[in-house]
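Here is a short report on one protein chain. It starts at a single residue and works outward to the whole fold.

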Amino acid sequence: MARPIPIGVRGEASETVELIHTLSAHHPELPPVYSTPDMIRLMETACFRALQPFCDEGEITVGISIHIEHRAASGIGMHIHAQAELESFDGRFYLMRVSAHDGTQEIGSGTVGRAVVHVPTFIKRMREKAGGS
């Protein structure tokens, strides 16, 4: 990663809750409310968007830790907006402060840790780990 990433850089991501994003999609007996894994995915997308402009060719950032609270339910048709802001960097890992809002209230917040990976090297390692070539 050639370019330093300034503390405070931000990214955003939004989606409208559909059945596929709900607990019901995975377990029909559960209510049709926005799932925690989908909220985390949206937060991760916001993190990716904040950091990707600073990555060199062939690099991406990937999530390495998640510390999230999901405190409020959101139903089908609600618009979820996630924000991520770079809070710190320790020389290897980036810590992003994240939140999600459904237009009525904040539904979740926390932190996501991310690291830069070089995609071709990463894929090669994964193939070797799987025993392939």
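Thr16 counts as partly exposed in this predicted model. Its relative accessibility is 36%, which lies between the 20% limit for buried and the 50% limit for exposed. Thr16 lies in strand β1. Setting aside residues up to four places away in sequence, Thr16 touches His21, Gly77, Met78 and His79. The C-alpha atoms of Thr16 and His79 are separated by 4.3 Å, although the two residues are 63 residues apart along the chain.

**Strand β1 and its partner**

Strand β1 spans residues 10-16. In a regular strand the side chains alternate between the two faces of the sheet. Strand β1 has a covered face and an uncovered one. Gly11, Ala13 and Glu15 make up the covered face. Arg10, Glu12, Ser14 and Thr16 make up the uncovered face.

Strand β1 runs antiparallel to β3, and seven bridges join them. Glu12 stands opposite Gln83 of β3. Ser14 has His81 as its bridge partner in β3.

**The sheet**

How are the strands ordered? The order is β1-β3-β4-β5-β2, in an open sheet of five strands with antiparallel pairing. Strands β1 and β2 (59-70) are the edges, and each pairs on one side only. On average, neighbouring strands are turned by 25° against each other, direction ignored.

**Helices on the sheet**

Helix α2 lies across β1, β2, β3, β4 (93-101) and β5. Its direction makes about 145° with β1. Helix α3 (residues 119-129) also packs on the sheet. Helix α3 touches β2 and β5, and its direction makes about 85° with that of β5.

Helix α2 covers residues 36-51. Its 16 residues should span 22 Å at 1.5 Å a residue. The end C-alpha atoms of α2 are 23 Å apart, which agrees.

Which residues of α2 are buried? They are Asp38, Met39, Ile40, Leu42, Met43, Glu44, Ala46, Cys47, Ala50 and Leu51. An α-helix has 3.6 residues a turn, so residues three or four places apart point the same way. The buried residues of α2 pack against β1, β2, β3, β4 and β5.

**Salt bridges**

The structure holds eight salt bridges. Three of them are listed here, with N to O distances.

| Acidic residue | Basic residue | Distance, N to O |
|---|---|---|
| Glu85 | Arg10 | 2.9 Å |
| Glu44 | Arg114 | 2.3 Å |
| Glu69 | Arg71 | 3.3 Å |

Take the pair of Glu85 and Arg10, whose side chains meet in a salt bridge. Glu85 lies in strand β3 (residues 79-89) and Arg10 in strand β1, so the pair ties together parts that are 75 residues apart in sequence. Glu85 counts as partly exposed, at 31% relative accessibility. Arg10 counts as partly exposed too, at 44%.

The side chains of Glu44 and Arg114 also meet in a salt bridge. This pair links distant parts of the chain, 70 residues apart. Glu44 sits in helix α2, and Arg114 sits in strand β5 (residues 106-118). Are these two residues buried or exposed? Both Glu44 and Arg114 are buried.

The third listed pair is Arg71 and Glu69. Arg71 is partly exposed, with 46% relative accessibility. Glu69 is partly exposed as well, with a relative accessible area of 48%. Elsewhere, salt bridges that share partners join Glu15, Asp38 and Arg41 into one network. Glu15 belongs to the covered face of β1, and Asp38 is one of the buried residues of α2.

**The whole chain**

The protein has three helices and five strands. From the N terminus on, its elements run β-α-α-β-β-β-β-α. The C-alpha atoms fill a box of roughly 45 × 40 × 20 Å, taken along the principal axes.

How much of the protein is buried? Of its 133 residues, 35% are buried. The protein exposes about 7600 Å². Carbon and sulfur atoms supply 57% of that area.

Among contacts with a separation of 6 or more, 66% come from residues 24 or more positions apart. The contact between Thr16 and His79 spans 63 residues along the chain.

Definitions and conventions
Residues are numbered from 1 along each chain as its sequence is written. This is a predicted model: local features need pLDDT of at least 70, side-chain atom pairs count only at pLDDT 80 or more; totals for chains, interfaces and linings use all residues. Side-chain values use heavy atoms; hydrogens and water are left out. A salt bridge is a side-chain nitrogen of Lys or Arg within 4 Å of a carboxyl oxygen of Asp or Glu. Helices (H or I, at least four residues) and strands (E, at least two) are DSSP runs, numbered from the N terminus. Buried means under 20% relative accessible area, exposed over 50%, partly exposed in between (1.4 Å probe, protein chains only). Two strands pair if DSSP finds at least two bridges between them. Axes are lines fitted to C-alpha atoms, for helices over the stretch in contact, and angles run from 0 to 180 degrees between N-to-C directions. Contact means heavy atoms within 4.5 Å. The expected span of a helix is 1.5 Å times one less than its number of residues. Accessible areas come from the Shrake-Rupley method with a 1.4 Å probe; for residues, only the protein chains shown count as cover.
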